[in-house]
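Me: Hi! I have a protein open on my screen and I'd like to walk through it with you. Could we start with one residue and work outwards?

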Amino acid sequence: MEVAIEPKSIQYQPAGQFEDTRFEKIHNVIFNDSKTGSLEVAKEIAKLIRKKQEAGKKCVLGLATGSSPIKVYEELVRMHKEEGLSFKNVVTFNLDEYYPMERNNIQSYHYFMHQHLFDHIDIDPANVNIPDGTVPSDKLQKYCRSYESQIEKAGGLDFQLLGIGRTGHIGFNEPGSHFNSATRDITLDHITRVDAAPAFKGLENVPRKAVTMGIGTIRKAKRIVLLAWGQNKSEIVRDTIEGEISPEVPATYLQEHSNATFVLDKEAAAHLTRIDTPWLVRTCDWTQDLTHKAVVWLSLQKEKPVLQLTDKDYNDSGMSDLLSTEQSSYEINIRTFNRLQHTITGWPGGKPNADDTNRPERATPEKKRVIIFSPHPDDDVISMGGTFDRLVSQGHEVHIVYQTSGNIAVADHEALKIAEVANSITKTDIFSKVIEDLNGKTEEDFDSELVRKIKGNIRRSESYGATRYMGIPDSQVHFLDLPFYETGAIRKKPLGEDDIKIMNDIIEEIKPHQIYAAGDLADPHGTHRVCLEALFASLKELKAKPFMDDCWVWLYRGAWHEWEIHEIEMAVPMSPAQVLRKRKAIFYHQTQKDGVMFQGEDLREFWVRAEDRNKETAQKYQALGLASYAAMEAFVRYHY
C-alpha cells in the first residue's frame, strides 16, 4: 500500500483520535522520504528560534546525533547562510556522549555536532553544551548533576530533538531506564553497540559506556520531536507508538508527553497497523494490490494454503467487506494463487519462444544486455547469485557494475598481510609505505590514500575471482568507484553530479534491456540507499533516450532483508546445485568472511544469511500452496 502523506505541518495533535489510528498512542506524521520530513522539522525549529528572538528570549534546544538528524542540521545551516537565520540567542544541550571519549576523536558526538552544525552557524560557543566524555570516573556523578543544573538554569528545554535506537532507546537511555532518570552514565546495550560498530570499524572498538541525559530530563522538554527513518526502525516504531508503556522500550514513556510527535518516512512507518494491515482498523478501498497483500497475510496467519481459505477465515480477520465485493472467497483465492504462481520463473531474462503474457519478463529480445549494479563488490553474488548464474547460463550478455570500491570494509590486518607478501617478493617504496601507514595508524586516523588504493584493489581481485567463476569475461566487469564513497571514513559525501554522470555513462555505454540494483532502503545515509538514489537520478536523466524504452529495472534486497511475499514480482527458483554454486562465488570474497568488519548483530556469515533467506522465501511460497523449491531469490520491478 503506497503511503503518500506529506503534511504541511508537524504540529502536535492527540494520538488515536481517528478510527484508523486507534491503536496509536503517540502523534505521528508520515512523509514520503526522510528529506521532506527533515525540512519540516527544521522549519519548526527555525520558527521557534525566531519567535524567541522577537520576544528577546533565549531558545533552549536539546539536540541529537546519529544519522537521523543530519538533514535537519543541513537545512538549518542553509537557512543561516541563505535566509539569515541567527543562532545568537540559542542555547543547546546535547543528549549524550560515549564514555570515555576525547573531544577530537572523529567518533565523538562533540566532533559530530561541530562538523554538521556548530562550525557553520553563528552560535556563541559558550552556549554549546555537550556531555564531556573525558571527566574522570570519580567525578562523573558530580558532573552529571552539574549538567542537569545547567539545563534548569537555562529555563529547561524548549525543544528536544530525538532519534530512536532499535532497542527503543532515546538518548542512550537503554532498556530498564527509569522514567524519572536524570543525566547519568550508563552501560550500552549490545544491540546499540552493534549498530555503532560500522562507525568504529568493529564492535570491539565501540565504547561500552556513555553519558546520557535522562528520561525524566527529556520528558520535561516543552516540545519533543522524534525522527525515525528506514525499514530498520519500523518494528521499534510500531512497538513504541502502539505498545504498552514499558521500561523495556524506553521511548514508550513519550506516550505520556503532552506535546510529542514522531516524524517518520514511509519505511519507518511500514509496520504501523494502519499502514501494514489497514483492514484491521477501517473499511478499505480494495485495490488489486491491497487485496493481494491481505490474502497472502491471511494465508500465512491462518497457516493454510491460499486455495483453502474460507469465508469464515475472511470474516474472522476483519475482511468481511472484501468478501462483500466478491461472489465467494474462492474467487479471491484463485486470483491470488494465480498471481503468486505467475511470479515464479526459471528464466529471469525471459523465456524464448514462449507466451510471456503472464510471465515476469519479456520473451524478446531473446538475448538481452544486462547490468547488475552492486553497491559493494560482493552484493551481486550475495543477493542474486542464483539469478546471476541463470542469466549467464541462458546466454545473456551480463555486465557486473560495482558502484563503490568497498575499501572501508577491508580490515587493516588483511591489507597489511597483502602488503607484506608483496614486499617480501619485491621490495618497493609503495608497499613499504603501505606497511608504514598501517603500522602507524591510530584509532582516530583515516586510511591514507595509498592504503585505500590497496584495500580497493584487494576487493577488485576478489570480485574478479567470483565473476570469472560465474563465467563473466573481465571486459564485462566494471568498477565505478563513485566519488561519494571515497572519503576513507564511514561517513560519506552527499551524492553529487560526478556520481550521476558516471552512472549515466555506463548505462549509455551498455544500453541494457535489464538493470538489476539493490533496493535496500534501511538507512537514508547508507551506501546501498545512496547507490540506489544514484540509479534513480540517472534513470530520470536518461529516460528520454530511445534505448531506455526497452529497459526494465529489477530491484533485489541485500543480505539482511528480503521483499515481503506480496511485494515480489519475480521469484527465481534455485536447485540445490545452484545454491552450492552461489555459495562458492561468495567464498571468493575472502576478506568478507570469518568475522567481517560490518557483521551487525547477526553472527552468521553472509553466505549463511543468504542461504537461509532464500530458503525461507521458498518455504513461504510452499506454505501458500505453491511448488516446493530448495531456495528462491526475489525481485520487485521499479517503474521509472
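**Starting from one residue**

Reply: Sure! Asp96 counts as buried, at 4% relative accessibility. Buried means under 20% relative accessible area, exposed means over 50%, and partly exposed is in between (1.4 Å probe, protein chains only).

Me: Before we go on, what kind of model is this?

Reply: This is a predicted model: local features need pLDDT of at least 70, side-chain atom pairs count only at pLDDT 80 or more, and totals for chains, interfaces and linings use all residues. Residues are numbered from 1 along each chain as its sequence is written, and side-chain values use heavy atoms, with hydrogens and water left out.

Me: Thanks. Where is Asp96 placed?

Reply: Asp96 is in strand 4. Helices (H or I, at least four residues) and strands (E, at least two) are DSSP runs, numbered from the N terminus.

Me: And what is Asp96 in contact with, apart from its neighbours within four places in sequence?

Reply: Its contacts are Thr65, Tyr109, Pro131, Gly171, Phe172, Val211 and Thr212. Contact means heavy atoms within 4.5 Å.

Me: Which residues does UniProt list for "active site"?

Reply: The unreviewed UniProt entry lists Asp96, His169 and Glu174 under "active site". They span 79 residues in sequence, yet no two of their C-alpha atoms are more than 12.2 Å apart, so they gather at one spot. A small caution: UniProt positions are given in the numbering used here, feature names are shortened, and annotations may be inferred rather than shown by experiment.

Me: Does UniProt have a domain too? Which residues does it list?

Reply: The unreviewed entry gives residues 38-261 for "domain: Glucosamine/galactosamine-6-phosphate isomerase". Over residues 38-261 the chain is 35% helix and 16% strand, and the end C-alpha atoms are 13 Å apart.

Me: OK, let's zoom out. What does the domain assignment give?

Reply: It gives domain 1 (19-274), domain 2 (283-343) and domain 3 (369-408 + 459-638). Those bounds come from an automatic or database domain assignment. The centres of domain 1 and domain 3, taken over C-alpha atoms, are separated by 34 Å.

Me: How many helices and strands does the protein have?

Reply: There are 20 helices and 17 strands in the protein. Its radius of gyration is 26 Å, close to the 26 Å that the globule rule gives for 640 residues, so the protein is as compact as a globular protein of that length. The radius is taken over C-alpha atoms, and the globule rule is 2.2 Å times the number of residues to the power 0.38.

Me: What box do the C-alpha atoms fill?

Reply: Roughly 80 × 80 × 45 Å, taken along the principal axes. Of the 640 residues, 56% are buried. And of the contacts with a separation of 6 or more, 75% are between residues 24 or more positions apart.

Me: Back to the strands. Are both sides of strand 6 covered or exposed? Which residues are on them?

Reply: Both faces of strand 6 (residues 159-162) are covered. Phe159 and Leu161 on one side are buried, and so are Gln160 and Leu162 on the other.

Me: What is strand 6 joined to?

Reply: Two bridges join it to strand 2 (residues 59-63), and the two run parallel. Here Leu61 has Phe159 as its bridge partner. Strand 6 also runs parallel to strand 9 (residues 224-228), with three bridges between them, and Gln160 stands opposite Ile224. Two strands pair if DSSP finds at least two bridges between them.

Me: What about helix 7? Which residues are buried there?

Reply: In helix 7 (residues 234-242), the buried ones are Ser234, Ile236, Val237, Thr240, Ile241 and Glu242. They pack against strand 1 (27-31), strand 9, strand 10 (260-265) and helix 8 (273-276).

Me: New topic: odd backbone spots. What should I expect in general?

Reply: Most residues other than glycine have a negative phi, and most peptide bonds are trans.

Me: So which peptide bonds are cis here?

Reply: The bond from Tyr99 to Pro100 is cis, with omega near -5°, and so is the bond from Thr364 to Pro365, also with omega near -5°. Pro100 is in the loop between strand 4 (96-99) and helix 3 (109-116). Pro365 lies in the loop between helix 12 (329-341) and strand 11 (369-374).

Me: And which residues have a positive phi without being a glycine?

Reply: Asp481 has a phi of about 45°, and Lys511 has one of about 50°. Asp481 is partly exposed, with a relative accessible area of 27%. Lys511 counts as partly exposed too, at 38% relative accessibility, and is in the loop between helix 17 and strand 14 (514-518).
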